[in-house]
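Visitor: I am new to this structure and should be grateful for a close look at a single part of it. Please begin with the interior and then keep to one element.

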Amino acid sequence: MKGSFYGLRVKELSLITIILMCVTIVIWTWEKTPSLGSFVPPQTRLQLSTEIPRAAPIAELVSSETEVYEGKVETKFAGKLPEKEEKLFDVAAPVGYTKTSPKSSETGGNMQSIPTENNARSANLVEPVASSYTSSLVEKDDGNLTVHGEKQDCNYAKGKWVIDHKQPLYSGFGCKQHLSGMWACRLTQRTDFAYESIRWQPKDCQMEEFEGLKFLRRMQDKTLAFVGDSLGRQQFQSLMCMITSGNESFEIVNVGKEYGIAPALGDSRPSGWAHRFPITNTTILYYWSASLCEIEPLDKTNPATDYALHLDRPATFLRQFIHKFNVLVLNTGHHWNRGKFKANRWIMYVHGAPNTDKKTQMIWKAKNITVHSIVSWVNSQLPKYPGLKVFYRTISPRHFVGGEWNTGGSCDNTIPMSVGKEVSQDESSDEAAASAVKGTGVKLLDITALSQLRDEAHISRFSITAKPGMQDCLHWCLPGVPDTWNEILFAQI
């Protein structure tokens, strides 16, 4: 009996040993044979939440000190603001904003926005940036999300106009400190203001909402310069009103002397304006240069002299002060006609001599030479000033019907989007401008096609300086279409 017991124990031990050896061989074979991996049950691919990529842009927007306005995370300046400047921000904050204390998470210390329900527009300060960022990084592929390595550029010129009763960004009755009365249509006899409640919505991305305080913080210690014609001046005035919301409580300093554009005694119109916001040391300026060319009197002693319009030379102002700019917006276009050439006594010059090439004496060809020359010159300056961003703004459309400005042309329509509301083309309507910037570091601020749809938003017959039979179908009512140009500029800076 005892022998049987030990005999049974020996057999069991032998059997267990054999089983263990078999299991070991199977496991070893499994690991060494790649083809056997196909028998593993399929696993669900990792799904990336669209919230994850937001950490990057938010981290860029939120510094160690933040303020939250109605759910909007705002970066504060480096260091603590003087008490006077903090009070200035409180006064200048747009109506409807409530200043609250930010809260930080216990784990990472990241600032969290506090959304509210009573102000949907203000509750999305970082949302547009994050949405644009995530839409470019993540796309669907067979039902799954694929992460891409770099952010794709948004075509802000492609999209549609939509009704938005939260517009405009400033009052048409206010901003008298910066807005010319002749462009403030609320101060004229016009009675229909539906054009103020239209917002541009890009097709493939969400455009970041403009806020004056956020703009100043983004442009801290920087200078933005508009150089161009009267449409450039409208864009400049529009931006000043957008930044301040028409509120004159902002402390603004005239620094025109630094740029040689202080008005001289007796000047009917200065050559430009330069304003600085001391609270962020941000300078916004405009310089009048209708052609962007260097203009030189042929006889400095003769008041009635002709002027050499050097098609291939940038305006002297650009050459003198480009080193002081961080953002430069250029435009030209509507002064390139025989009437303006005659009135201004301009003579085309190329390579320092009168232009005798009949092929380039045509006005539109001469303009193209200038646009390409100026863009090429600015592009050559970019390596010297790596912090400089340059935009060439495409031409603003005219909407004269039945004649020109002085031959009975009119633009009487007051119904928004009656000629269309959507731009579906990928290429710019300003082919000359698009061709000039192609292959350069100069960016296109493409506003032509989207502005073409807004024939109801011109000053039209309501101009306070209009004469019988003359309408302004070139310039825009403010607030109005140029505000959209600045929103797109803000999104691209």
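Which residues of the largest nonpolar core touch the most other members?

Guide: The model before you is a predicted one. In its largest nonpolar core, which has 61 residues, the members that touch the most others are F215, L224, F226, F277 and I284. Helix α6 gives the most to this core, contributing 7 residues. A separate core of 30 residues lies apart from it, and V255, F317, L330 and W377 are among its members.

Some context for the whole chain is useful before turning to the helix. The secondary structure consists of 12 helices and 23 strands. Of the 493 residues in the chain, 47% are buried. Where contacts join residues at least 6 apart in sequence, 75% of them link residues at least 24 apart.

Helix α6 is the part to examine closely. The helix comprises residues 230–244, 15 residues in total, and at 1.5 Å a residue it should therefore span 21 Å. The C-alpha atoms at its ends are 21 Å apart, in agreement with that expectation. The helix is mostly covered, since 15 of its 15 residues are buried, where buried means under 20% relative accessible area.

Each end of the helix has a feature of its own. At the N-terminal end, D229 acts as a cap: one of its side-chain oxygens lies 3.0 Å from the backbone nitrogen of L231. After the helix comes S245, which has a positive phi, near 55 degrees.

Two serines show what surrounds the helix. S230 belongs to α6, and its relative accessibility of 10% is why it counts as buried. Beyond its neighbours within four places in sequence, S230 is in contact with W183, Y286, W288 and H475. S238 is also found in α6, and this serine is buried with a relative accessible area of 0%. Setting aside neighbours within four places in sequence, S238 is in contact with Y170, L478, P482, D483 and N486.

One of those partners, D483, leads to the empty space inside the model. The whole structure holds 2 cavities of 30 Å³ or more, and the largest cavity contains about 90 Å³ of space. Its lining has 14 residues, of which Q167, I198, G480, D483 and T484 lie nearest the centre. Helix α12, residues 481–492, supplies the largest share of that lining, with 4 residues. D483 thus appears both in contact with S238 and among the residues nearest the centre of the largest cavity.

The core offers another view of the helix through I284. Apart from neighbours within four places in sequence, I284 is in contact with F236, L239, M240 and I243, among others. The contacts of I284 also include F215, L224, F226 and F277, which are named with I284 among the core members that touch the most others.

Finally, a residue outside the helix may be considered. T223 lies in strand β10, residues 223–228, and is buried, with a relative accessible area of 7%. Its C-alpha atom is separated by 7.1 Å from that of K324, although the two residues are 101 residues apart along the chain. Not counting residues up to four places away in sequence, T223 touches Y259, T283, L285, K324, F325, N326 and V327.

Conventions:
Residues are numbered from 1 along each chain as its sequence is written. This is a predicted model: local features need pLDDT of at least 70, side-chain atom pairs count only at pLDDT 80 or more; totals for chains, interfaces and linings use all residues. Side-chain values use heavy atoms; hydrogens and water are left out. Helices (H or I, at least four residues) and strands (E, at least two) are DSSP runs, numbered from the N terminus. The expected span of a helix is 1.5 Å times one less than its number of residues. Buried means under 20% relative accessible area, exposed over 50%, partly exposed in between (1.4 Å probe, protein chains only). A polar contact is a pair of N or O atoms within 3.5 Å; within protein, one must be able to donate a hydrogen and the other to accept it, and residues adjacent in sequence count only if both atoms are side-chain atoms. A nonpolar core is a set of buried Ala, Val, Leu, Ile, Met, Phe, Trp, Tyr and Cys residues joined through side-chain atoms within 4.5 Å. Contact means heavy atoms within 4.5 Å. On a 1 Å grid over the protein atoms alone, a cavity is a set of points where a 1.4 Å probe fits but cannot get out, and a pocket is an open set with protein on both sides within 12 Å along at least five of seven lines; lining residues have an atom within 4 Å of a point. Grid points are joined across faces, edges and corners, and a volume is the space filled by probe spheres set on the points.
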